[in-house]
Structures are given as structure tokens and as C-alpha cells.
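Let's walk through this structure together, beginning where the chains meet and then turning to fold and confidence.

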Amino acid sequence: MANVDKELDARGLNCPLPILRTKKALNDLTGGQTLRVVATDPGAIKDFQAFAKQTGNELVESGEANGEFTFVLRKKA
Amino acid sequence: MSTKKLAIIATKGTLDWAYPPFILASTAAALGYDVQIFFTFYGLQLLRKSLDHLKVSSLGNPGMPMPMGMDKWFPVLAQALPGMQGMMTMMMKQKMRSKGVASLEDLRNLCAEADVKMIGCQMTVDLFGFQPSDFIPGIEMGGAATFFEFAGESDICLFM
């Protein structure tokens, strides 16, 4: 797994908390830095795609393993 | 690209209907929207300092799933018995906690942190005899014209 600048554990949280926490976590980063989010909400897959599309933060990586979803976002410059 | 705007009218004062305005407002704010919620009639309950008094009722709500398939065999009339509403509310809160659904207080705080503008309907405040001290700080009071000032410019306008 690639190195990231910040990690966010959103496991066990349900909609819309993973997105809200992600937004907050991104606020602490500067443009170009990356954030890894781990979530268990199955709705997160679509939500993170939609979040990235609408906010301009790039979804660099998106994966699933053992019921956990991992997303890596790069903050918009 | 100019900032998108979401305007919501919140009119319900029950535990279940308190969620949609706060969920959508906080999410829209996270997506970069400018958001205003106008709380009118029973929706004003959602601006009170404590939200512990909000209840959910199975009465008149045939779509509400109940534990042990009670919605199939438990008489509707019996749902009107004293204590039933409190029990339903307690069970709903437990279920929400166990599923990782945010508490209303948390969602409302997240809205406030994200600069969601919350406006209480002045007319309803007068009608029900609320005091300014009944409500959380940081809200505004206004009338229908105040709402339209923002709603008229909005990209999305929702009545709940």
C-alpha cells in the first residue's frame, strides 16, 4: 500500500458520517496531499466516487477486502 | 463554477423526520454547497437545545418496521397505549446506535460547524410561545420572505 499523508478510520460509521469525517480530514491537508479512508458502509463506494467528482478531490485508489472499503483521496490543489 | 445552493424547509418534529434535513444539509455542505434550512411549525423542535424529547411513533405509520414482526400481528389500537411511543423511540435509538447512525445532536453540530445557516420561523415561534432561550445559539429568526431570498437563488429546494 502506498504511503499517505493521513489516515482516517471510518469503520462502523454509517451514511453520511464517512463523507463528513473525510471532508474534515481533508481540511487538515494541503493541496496534493493524500488521505486514506477505511469504511464499512457499503454505500461508501458510490458516495466516495460522487464526493470526488463533486469536490474535485481525486479518488486515486478504491478497493475492497474482507468487508472493508479503502479509499485514497488526493486533495485538490 | 459558482457555489451551488441547497434550501430546505423542515416542518416535522419527530425523531425519524429530524434526520433527512440534517443528513442532507451536512452532506451538501461537505460537497461545497451553500446551505440554508428554514425550520417551521413542528420543525422548530429540531432547533431546541436538547433533542432528547423527539419521539418516533408507529401510529399512522404502517411503513415502520417493528421488532419481532410486530407490524404483522400487533393491533394498531394497542400501539396507542401509554408508554408505547416511548418504547418505540427507545428501540429506534438503540437500533441507530448499533448501526453506526449518527446522533441528531452530532449531525446538527456538524451542520453548524459547516456553516449551514439555520433559520427559525418567527411566526411559529410566536404561535407556540417559544422563547429565544429555548433554541441553540447561532440561529436566526425570519419569515417566509427571508427564506425566499435564499431559496429563490437555490439550485435545489426541498420540503420535508
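Chain A and chain B each put 11 residues into the contact, where two residues count as touching if their C-beta atoms, placed from the backbone, lie within 7 Å. On the side of chain A that touches chain B, α1 (17-27) and α2 (44-55) of chain A each supply at least two residues, and α1(A) gives the most, with 4 residues. That side of chain A holds 6 nonpolar, 4 polar and 1 charged residues; here Ala, Val, Leu, Ile, Met, Phe, Trp, Tyr, Cys and Pro are nonpolar, Asp, Glu, Lys and Arg charged, and the others, Gly among them, polar.

This is a predicted model, in which local features need pLDDT of at least 70 and side-chain atom pairs pLDDT 80 or more, while totals for chains, interfaces and linings use all residues. Residues are numbered from 1 along each chain as its sequence is written, with chains lettered from A and ligands numbered from 1 in the order in which they are written.

Now to the fold of chain A. Its 2 helices and 4 strands follow the order β-α-β-α-β-β from the N terminus; helices (H or I, at least four residues) and strands (E, at least two) are DSSP runs, numbered from the N terminus. The C-alpha trace of chain A spans about 30 × 25 × 20 Å along its principal axes.

How confident is the predictor? On the pLDDT scale, its confidence in each residue from 0 to 100, chain B averages 92, and 99% of the residues score at least 70. The model scores ipTM 0.83 and pTM 0.89.

Key
pLDDT is the predictor's confidence in each residue, from 0 to 100.
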